[in-house]
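This briefing introduces the structure shown below to a reader who has not met it before. Its points are grouped by topic.

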Amino acid sequence: MTLNLEVMERYFPFLLGGAWLTLRLTVITTALGTAIGLFTAVARLSRLKIVSWPAAVYVDFFRGTPLLAQIALIHWGLPQLFGYKPNMVVDAIAALSINCGAYVTEIFRAGIQSIERGQTEAALSLGMTPVQAFRYVILPQAFRRVLPPLGNEFIAMLKDSSMVAIISMEELMFRGMISAGRSFRPFEIYILVALLYLAMTLPFTRLVAWMEIRLKREHRREGR
């Protein structure tokens with residue numbers, strides 16, 4: 001078997017366009033998922049059951065079911081139920097953001113709970129309200145601690161975004177399937193697809209590793 005470089009060269013620009021859409025899709029859905037996750041984490045930590053229970057149901061459902069099924073449910077299931085025309089882009093962003101939000105909820109919840117209770121008590125003793133103590137004392141520290149896991153979630157979402165290919169979203173994986181069908185050279189095409197995913201994830205993997213090392217050093221300094 002020989003590697004057909006001409007095929008790889010011919011389809012590279014087409015796949016690169018798909019990779020650019022994959023990256024934009026990941027940035028948008030991770031940003032929306034982070035906002036959803038922060039809001040839901042606060043709800044989960046609430047002492048009011050009417051607030052914490054819906055948040056817990058949301059997290060359990062979207063972490064406990066396959067992303068593929070969630071995309072299909074949002075793109076084909078909801079239009080059948082409510083009688084509207086599905087929009088591929090909106091549905092892809094919605095499905096990925098909601099799924100990402102469920103995982104980010106648990107990241108933020110762990111981060112907030114990792115802050116020592118004495119920090120809140122100290123802020124309250126200085127005359128802050130509970131909301132001010134959370135906004136200005138707890139949240140900045142929690143956010144710094146959750147940066148590495150948030151980075152890992154971004155990398156996971158970048159790879160998981162390939163699942164929106166089932167609704168014909170022309171991201172990298174979908175364009176790879178089109179290219180393999182047209183060229184009849186699946187090995188060359190899918191190795192190119194895999195290398196493009198690697199080229200996108202590798203910088204973020206290194207960045208997360210650097211953040212984790214820096215965070216450990218800060219913890220050691222704070223522990224002295």
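**Salt bridges**

A search of the whole structure, which is a predicted model, finds eight salt bridges. Three of these contacts are described first, followed by the aromatic pairs, helix H4 and a nonpolar patch on the surface.

- Glu 106 and Arg 63 join their side chains in a salt bridge, with 3.9 Å from N to O. Because Glu 106 belongs to helix H4 and Arg 63 to helix H2, this pair ties together parts that lie 43 residues apart in sequence.
- Glu 106 has a relative accessible area of 17% and is therefore buried, whereas Arg 63, with 40%, is partly exposed.
- A salt bridge also connects the side chains of Glu 170 and Arg 175, at 3.1 Å from N to O. Glu 170 counts as partly exposed because its relative accessibility is 34%; Arg 175, at 18%, counts as buried.
- In the salt bridge of Arg 185 with Glu 188, the side chains meet at 2.5 Å, N to O. The relative accessibility of Arg 185 is 26%, so this residue counts as partly exposed, while Glu 188 has a value of 1% and counts as buried.
- Arg 44, Arg 63, Glu 106 and Arg 109 are joined into one network by salt bridges that share partners.

**Aromatic pairs**

- Four aromatic pairs are present in the structure. In one of them, the ring centres of Tyr 58 and Phe 62 are 5.4 Å apart and the planes stand at 55°, so the pair is classed as tilted.
- Both Tyr 58 and Phe 62 are part of helix H2 (residues 49–64), where they are separated by four residues, about one turn of the helix. Residues three or four places apart in an α-helix point the same way, because such a helix has 3.6 residues a turn.
- Both rings belong to buried residues: Tyr 58 has 16% relative accessibility and Phe 62 has 15%.
- Another aromatic pair, formed by Phe 108 and Phe 143, is stacked, with 6.1 Å from centre to centre and 25° between the planes. This pair links distant parts of the chain, 35 residues apart, since Phe 108 is in helix H4 and Phe 143 is in helix H6 (residues 130–160).
- Phe 108 is buried because its relative accessible area is 1%; Phe 143, at 38%, is partly exposed.
- Tyr 58, Phe 61 and Phe 62 are linked into a cluster by ring pairs.

**Helix H4**

- Helix H4 covers residues 88–113, 26 residues in total, and spans 38 Å between its first and last C-alpha, close to the 38 Å expected at 1.5 Å a residue.
- The N-terminal end of H4 is capped by Asn 87, which has a side-chain oxygen 3.1 Å from the backbone nitrogen of Val 89.
- H4 also contains Glu 106, the salt-bridge partner described above, and Phe 108 of the stacked pair.

**Nonpolar surface patch**

- A nonpolar patch on the surface is formed by Leu 3, Leu 5, Phe 187, Ile 191, Leu 195, Leu 198 and Leu 202, which together have about 630 Å² of accessible area.
- The most residues in this patch, five, come from helix H8 (residues 186–223).
- Leu 3 is located in the segment before helix H1 (5–44). With 45% relative accessibility, Leu 3 counts as partly exposed.

Technical notes: Residues numbered from 1 in each chain as written. Predicted model: local features only at pLDDT ≥ 70, side-chain atom pairs only at ≥ 80, totals over all residues. Heavy atoms only, no water. Patch = residues over 30% accessible without salt bridge, like charges linked within 9 Å, V, L, I, M, F, W, Y side chains within 5 Å. Areas by Shrake-Rupley, 256 points an atom, 1.4 Å probe, with all protein chains shown as cover. Salt bridge = Lys/Arg side-chain N within 4 Å of Asp/Glu carboxyl O. Helix = DSSP H or I, 4+ residues; strand = E, 2+ residues; numbered from the N terminus. Buried < 20%, exposed > 50% of the residue type's maximum accessible area, 1.4 Å probe, protein only. Expected span 1.5 Å × (residues − 1). Polar contact = N/O pair within 3.5 Å; in protein donor to acceptor, adjacent residues only side chain to side chain. Phe/Tyr/Trp six-rings, centres within 6.5 Å; stacked < 30°, edge-to-face > 60°.
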